[in-house]
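Open the structure in your viewer and keep the sequence beside it. The tour below goes from one selection to the next and says what is there.

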Amino acid sequence: MKFVIVGYGRVGMRTARILDEEGHEVFIVDNDHDKVERARKAGFDVVEGDGSNETILEEVGVESADALAGLTGDLNTNFAACMVGKHHDCRTVMRIDHDYREEIYQKYADDVDEIVYPERLGAAGAKTALLGGDFNLVADLTERLQLITISVPEESPAIGKRVSEIDLPDGARIYAHGTNHGAMTIPLPRTSIDEGDSVAVIVEQESVEGVRTALLGTEEPVGA
């Protein structure tokens, strides 16, 4: 797949590296010369310029991209880049760094495919490591969405299945997977689940127990 990443800061850099390691085409846009040079040294195709400018995005081939992520620290740049991507039929992902009033969040959520909160996700990962256990409800991402991490036990009904084959409830999806003791990455549909793997799931509150059943085979209360 082909991805356009607007912003090569810490979030954009790590996202680009993961996608590249999984064999995808990654193109970077950033208006900071030092970051542009850093991306070039890492082997990425880069255009230096304003990521909210459609002409700049066309230089990296946004019209043929599968998805675009606005991952700069500037909300307006991220949103404008996503609107260009949407115009070219890309899947759009927008970074937000702070909590906003519900009506402001909803305005952006209605116009892009996905909103991500890197600060919250980073804190959630730290909390997961501190809590330990097989099933951790580690963060409330929005009023209705929660982030859960699961260590897959030997009795899990998901073992041996591909990510695309796991019978999760409609209100849940796997967004990251890691092999036993390995770092988490974005899973591909053919990624299979083994004992000891780690799985991160974004889930609506009412679907939490359905996720427990699908990945642990039990319906014990969360945190048990």
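Which residues of β1 are buried on one side, and which on the other? Select strand β1 (residues 2-6). Lys2, Val4 and Val6 are buried on one side, and Phe3 and Ile5 are buried on the other, so both faces of β1 are covered. Buried means under 20% relative accessible area, exposed means over 50%, and partly exposed lies in between, with a 1.4 Å probe and protein chains only. Helices (H or I, at least four residues) and strands (E, at least two) are DSSP runs, numbered from the N terminus.

Before going on, note what kind of model this is. It is a predicted model, in which local features need pLDDT of at least 70 and side-chain atom pairs count only at pLDDT 80 or more, while totals for chains, interfaces and linings use all residues. Residues are numbered from 1 along each chain as its sequence is written, and side-chain values use heavy atoms, with hydrogens and water left out.

**The whole chain**

Colour the model by pLDDT, the predictor's confidence in each residue, from 0 to 100. The mean pLDDT of the protein is 82, and 81% of its residues reach 70 or more. Among the elements, strand β2 (residues 25-30) has the highest mean, 95, and strand β7 (residues 135-140) the lowest, 56. Over residues 220-224 the pLDDT is below 50, and this stretch has 10 contacts in the model beyond near neighbours in sequence. A contact means heavy atoms within 4.5 Å. Where pLDDT is low, the predicted coordinates should not be read in detail.

Switch to a cartoon view. The secondary structure comes to seven helices and 10 strands. Of the 224 residues in the protein, 45% are buried.

**The partners of β1**

Return to β1 and add β2. The two strands run parallel and are joined by five bridges; two strands pair if DSSP finds at least two bridges between them. Phe3 has Val26 as its bridge partner in β2. Now follow the chain from β1 through helix α1 (residues 10-21) to β2: this β-α-β crossover is right-handed. That is, with the strands pointing away from the viewer, the path from the first strand over the helix to the second runs clockwise.

Next add strand β4 (residues 67-70), which pairs with β1 in the parallel sense over four bridges. Here the bridge partner of Val4 is Leu68.

**Helices α1 and α2**

Select Arg17, which lies in helix α1. Arg17 counts as partly exposed, because its relative accessibility is 39%. Add Phe44, which is 27 residues away along the chain; the C-alpha atoms of Arg17 and Phe44 are separated by 9.3 Å.

Then move to helix α2 (residues 33-41). At its start, a side-chain oxygen of Asp32 reaches to within 2.9 Å of the backbone nitrogen of Asp34. After α2 comes Gly43, with a positive phi, near 95°.

**Two cysteines**

How many disulfides does a search of the whole structure find? The search finds zero, where a disulfide is a pair of cysteine sulfur atoms within 2.5 Å. Select Cys82: the nearest cysteine sulfur is that of Cys90, 9.6 Å away. Cys82 counts as buried, at 0% relative accessibility. Cys90 is buried too, with a relative accessible area of 6%.

**Last stop**

Select strand β9 (residues 172-178), where five of the seven residues are buried. Add strand β10 (residues 198-204), which pairs with β9 in the antiparallel sense over six bridges. His177 has Val199 as its bridge partner in β10.

Technical notes:
Polar contact = N/O pair within 3.5 Å; in protein donor to acceptor, adjacent residues only side chain to side chain.
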